[in-house]
Amino acid sequence: PLFMELPNANEIGWYVLKGDAHWDNSTQWEAFGTTHTGGIWLKKLSVIAQENNKKLAELKQADPNGKDLRASSDYYGISPKNDKPSDSEIGKYFFLPALGYFSNGKLSDLGSYGGYWSSSADPGDGSYAYSLNFYSGYVSLDSNYRSYGFVSQPFE
């Protein structure tokens with residue numbers, strides 16, 4: 001099933017806290033037949049693992065604070081850097097476009113907000129699930145109501 005391929009809450013934690021997030025308003029991407037800009041560059045999990053002397057499998061078991069978010073709730077965010085990573089470093093990163101989200105049958109914030117589901121339910125309330133959320137000034141691991149139409153696709 002698709003959701004099993006998504007990063008879990010712990011991996012999202014690594015992306016947020018150790019992924020060296022960069023907001024990029026210049027890289028172009030297409031959605032719904034039109035060209036847009038706005039998105040986030042994050043270090044690949046393999047790079048994060050290597051830089052933190054961890055195996056990839058360890059990133060699934062606990063967040064950077066040593067907590068298993070699949071068993072207890074925690075949320076946090078950071079301010080991303082502006083602009084994309086340098087040409088010499090960009091191979092360590094991948095790009096997620098700000099695809100907005102659907103709510104009440106309507107697409108909102110295309111090009112300015114990104115919401116990407118994790119494979120992990122919020123252990124405090126099963127009607128919520130963990131997600132990676134971002135806009136130009138903020139990148140976070142959060143818990144959102146499952147009815148939101150966030151992106152459901154594996155990263156990298």
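Okay, before anything else, what I mean by an aromatic pair: two rings of Phe, Tyr or Trp, taking the six-membered ring for Trp, pair if their centres lie within 6.5 Å. With that in hand, and bearing in mind that this is a predicted model, have a look at the cluster. Tyr101, Tyr113, Trp117, Tyr148 and Phe150 come together as one aromatic cluster.

In total, the structure holds 13 aromatic pairs. Let me pick out the one between Tyr75 and Tyr130. Their ring centres are 6.1 Å apart and the planes sit at 50 degrees, so we call this pair tilted. And where are the two partners? Tyr75 is in the loop between α4 (56-61) and β3 (76-78), while Tyr130 belongs to strand β9 (residues 128-135), so the pair ties together parts that are 55 residues apart in sequence.

Now, buried or exposed, for Tyr130? Tyr130 is buried, at 0% relative accessibility. Its partner Tyr75 counts as partly exposed, at 38%.

Right, on to the backbone. Two residues to click on here. Phe32 isn't a glycine, yet it has a positive phi of about 55 degrees. You'll find Phe32 in the loop between β1 (22-31) and β2 (34-43), and with 60% relative accessibility it counts as exposed.

The other one is Asn53. Again we have a positive phi in a residue other than glycine, this time near 50 degrees. Asn53 sits in the loop between α3 (45-51) and α4. As for its surroundings, Asn53 is exposed, with a relative accessible area of 73%.

That's it from me, happy to rotate the model if anyone wants another view.

Note on methods
Residues numbered from 1 in each chain as written. Predicted model: local features only at pLDDT ≥ 70, side-chain atom pairs only at ≥ 80, totals over all residues. Heavy atoms only, no water. Phe/Tyr/Trp six-rings, centres within 6.5 Å; stacked < 30°, edge-to-face > 60°. Helix = DSSP H or I, 4+ residues; strand = E, 2+ residues; numbered from the N terminus. Buried < 20%, exposed > 50% of the residue type's maximum accessible area, 1.4 Å probe, protein only.
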